[in-house]
Structures are given as C-alpha cells and as structure tokens.
Amino acid sequence: IELLQKDPKEAVKQYGTNPEFVKIMTEFSSIMGGHMEDIAKRQVEKDPIMDIINNDEEVKEILQDPKVQAFIQQLQSAGGAD
C-alpha cells in the first residue's frame, strides 16, 4: 500500500501481473467509483443552481443556444467563469 501511495506506476509495474493484486485493485476502484458518483449526485442535488439547470426547460433551452455556449466558453478560457 505504501508503494501505491508513493509511486503508483511502480506498484503496477511490480504487482500488475499478480491476479490477486489486480482483483483487489479492480474491486477497490469499483467501490471508490461508486462512492464518488454518490457524492457527486448529492452535491448536485444540494446545489440550487444545478437543480434549476437540470429541471427548468427554459434554462436548458437557453444553455443549449450556440451563442450562449460560445459566451460561456469564452468566459471559461479567459478565467472569468470558474
């Protein structure tokens, strides 16, 4: 575990052919992936702005407008819409 924390690439190089290691890492990754998805869903559900974006058809339509998308892209690339 210490090697995974310090140098994950080296850990995979050393243990990547070990079927037990691969199985454990696959199971762990699956569990963590599910956990992260749950966290993301809860954060979106708690965010009132995301609630509006996800549920208001008029807002969805506006955000799909190419001019609005271009404007948002411009703000993001200029660092003004983080």
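# Notebook: rings, charges and helices

**Entry 1: aromatic rings.** I looked for pairs of aromatic rings and the count came to 1 aromatic pair. The pair is Y15 with F21: the ring centres lie 5.8 Å apart and the planes meet at 40°, so I wrote it down as tilted. Planes under 30 degrees apart would have counted as stacked and those over 60 as edge-to-face, so the 40° of Y15 and F21 falls under tilted. A reminder to myself: an aromatic pair is described by the distance of the centres and the angle of the planes. I should also note here that I am working with a predicted model.

Next I asked: is F21 buried or exposed? F21 has 18% relative accessibility, so it counts as buried. Its partner Y15 has a relative accessible area of 38%, so I put it down as partly exposed.

**Entry 2: salt bridges.** How many salt bridges does the structure hold? I found 3 salt bridges. The idea behind the search is a simple one: side chains of opposite charge can pair when their charged atoms come close. I took them one helix at a time.

In helix α1, which covers residues 2-6, I found K6 and E2 sitting 4 residues apart, about one turn of the helix. Their side chains meet in a salt bridge at 3.0 Å, N to O. I checked the surface too, and both K6 and E2 are exposed.

In helix α2, residues 8-15, my pair was K13 and E10, which lie 3 residues apart, again about one turn of the helix. The closest N and O atoms of this salt bridge between K13 and E10 are 3.7 Å apart. K13 is exposed, with a relative accessible area of 64%, while E10 is partly exposed at 24%.

Helix α5 gave me K60 and E57, 3 residues apart and about one turn of the helix from each other. The side chains of K60 and E57 form a salt bridge at 3.6 Å, N to O. K60 has 30% relative accessibility and counts as partly exposed, whereas E57, at 54%, counts as exposed.

**Entry 3: α4 against α5.** I then turned to how the helices pack. At what angle do the axes of α4 and α5 cross? Helix α4 (residues 48-55) and helix α5 (residues 57-64) have axes that come within 5 Å and cross at roughly 85°. The two helices, α4 and α5, are therefore roughly perpendicular to each other. For my own reasoning I wrote down the cut-off: 65 to 115 degrees counts as roughly perpendicular.

Which residues meet here? From α4 I listed I52, I53, N54 and N55, and from α5 I listed E57, V59, K60 and L63. Sorted by class, the residues of this contact of α4 with α5 are 4 nonpolar, 2 polar and 2 charged. I was pleased to meet K60 and E57 again, since they are the salt-bridge pair of α5.

**Entry 4: a closer look at I53.** I53 lies in helix α4, and I wanted to know what it touches. Leaving out residues up to four places away in sequence, I53 touches V59, K60 and L63. At 28% relative accessibility, I53 counts as partly exposed. I also took a long-range distance: I53 and N18 are 35 residues apart in sequence and 46 Å apart in space, C-alpha to C-alpha.

**Entry 5: α5 against α6.** The next contact is between α5 and helix α6, which covers residues 66-78. Their axes are 5 Å apart and the helices pack at an angle of about 70°. So α5 and α6 are also roughly perpendicular to each other. The contact is made by I62, L63 and Q64 from α5, with P66, V68, Q69 and I72 from α6. By class, I noted 5 nonpolar and 2 polar residues in the contact of α5 with α6, and no charged ones. L63 is worth a mark in the margin, as it appears in the contact with α4 and in the contact with α6.

**Entry 6: two more distances.** M32 lies in helix α3, residues 19-46, and it counts as partly exposed at 30% relative accessibility. How far apart are the C-alpha atoms of M32 and M50? They are separated by 24 Å, with their positions 18 residues apart along the chain.

Last, I looked up Q14 in helix α2. Q14 is partly exposed, with a relative accessible area of 43%. Q14 and G34 are 20 residues apart in sequence, and their C-alpha atoms are 27 Å apart in space.

Notes. Residues numbered from 1 in each chain as written. Predicted model: local features only at pLDDT ≥ 70, side-chain atom pairs only at ≥ 80, totals over all residues. Heavy atoms only, no water. Axes fitted to C-alpha atoms, helices over the stretch in contact; angles between N-to-C directions. Parallel < 35°, antiparallel > 145°, perpendicular 65-115°, else oblique. Contact = heavy atoms within 4.5 Å. Nonpolar A, V, L, I, M, F, W, Y, C, P; charged D, E, K, R; others polar. Salt bridge = Lys/Arg side-chain N within 4 Å of Asp/Glu carboxyl O. Buried < 20%, exposed > 50% of the residue type's maximum accessible area, 1.4 Å probe, protein only. Phe/Tyr/Trp six-rings, centres within 6.5 Å; stacked < 30°, edge-to-face > 60°.
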